[in-house]
Amino acid sequence: DAGLAACYLLSFCASSTLTMGTFAAAYGTFTTFLAECCSKNSKRRKRRRRSNNNNTRNNTTIIGIGEDEDEDEDEVEKATTSVAIVEFWIRCFSASLSVLVGVVWLVLLSMGKLEDVFG
């Protein structure tokens with residue numbers, strides 16, 4: 001029956017789209033959270049190193065007007081760059097996993113073991 005086939009096709013497309021969209025949203029949220037966590041940890045380590053360096057310096061340095069604002073802008077720029085770098089490496093890792101899954105799939109298929117592994 002053409003009506004049932006069309007209904008099946010539409011429901012399959014809709015459920016597939018919703019499932020993939022949900023997975024993509026969850027993956028994007030997770031990777032952004034992971035990138036921000038990694039950049040915050042590296043930012044804390046850098047801040048500790050900087051405070052240790054400042055404590056060992058001579059404390060007679062006079063800070064100029066507006067210098068604190070420049071430091072804040074530099075911190076924001078460094079944090080943004082750090083998040084971008086972590087996101088880049090997460091994407092590289094994800095892409096590598098995708099390639100690995102494809103290679104394993106093709107190897108299992110060529111060996112005739114795909115059905116044995118995935119039933």
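# Briefing: three helices, a nonpolar patch and aromatic pairs

Trp105 counts as partly exposed because its relative accessibility is 45%, and the partly exposed class runs between the buried limit of 20% and the exposed limit of 50%. The model is predicted. Its protein chain has 3 helices and 0 strands, and Trp105 lies in one of these helices, H2. The points below cover the chain as a whole, the patch to which Trp105 belongs, one contact in H2, and the aromatic pairs.

**The chain as a whole**

- Along the sequence, the protein chain follows the pattern α-α-α.
- The chain has 119 residues, and buried residues make up 9% of them.
- About 10200 Å² of the protein chain is exposed, and carbon and sulfur atoms supply 64% of that area.

**The nonpolar patch**

- Trp105, Leu106, Leu109, Val117 and Phe118 make a nonpolar patch on the surface, with an area of about 560 Å².
- Two helices each supply at least two residues of the patch: H2, which spans 67–111, and H3, which spans 114–118.
- Helix H2 gives the most to the patch, with 3 residues.
- Trp105 is a residue of helix H2, and its 45% relative accessibility is the reason it is classed as partly exposed.

**Ser110 in helix H2**

- Ser110 also lies in helix H2.
- With a relative accessible area of 62%, Ser110 is exposed, because the exposed class begins over 50%.
- A polar atom of the Ser110 side chain lies 2.9 Å from the backbone oxygen of Val107.

**Aromatic pairs**

- The structure holds 4 aromatic pairs.
- In one of them, the ring centres of Tyr8 and Phe12 are 6.4 Å apart and the planes meet at 20 degrees, so the pair is stacked; the limit for stacking is under 30 degrees.
- Tyr8 and Phe12 both belong to helix H1, residues 2–56, where they are 4 residues apart, about one turn of the helix.
- Tyr8 counts as exposed because its relative accessibility is 59%, whereas Phe12, at 46%, counts as partly exposed.
- Phe23 and Tyr27 form another stacked aromatic pair, with 6.3 Å from centre to centre and 20 degrees between the planes.
- Phe23 and Tyr27 also both lie in helix H1, again 4 residues apart, or about one turn of the helix.
- Phe23 is exposed, with a relative accessible area of 58%, while Tyr27 is partly exposed, with a relative accessible area of 34%.

How values were computed. Residues numbered from 1 in each chain as written. Predicted model: local features only at pLDDT ≥ 70, side-chain atom pairs only at ≥ 80, totals over all residues. Heavy atoms only, no water. Patch = residues over 30% accessible without salt bridge, like charges linked within 9 Å, V, L, I, M, F, W, Y side chains within 5 Å. Areas by Shrake-Rupley, 256 points an atom, 1.4 Å probe, with all protein chains shown as cover. Salt bridge = Lys/Arg side-chain N within 4 Å of Asp/Glu carboxyl O. Buried < 20%, exposed > 50% of the residue type's maximum accessible area, 1.4 Å probe, protein only. Phe/Tyr/Trp six-rings, centres within 6.5 Å; stacked < 30°, edge-to-face > 60°. Polar contact = N/O pair within 3.5 Å; in protein donor to acceptor, adjacent residues only side chain to side chain.
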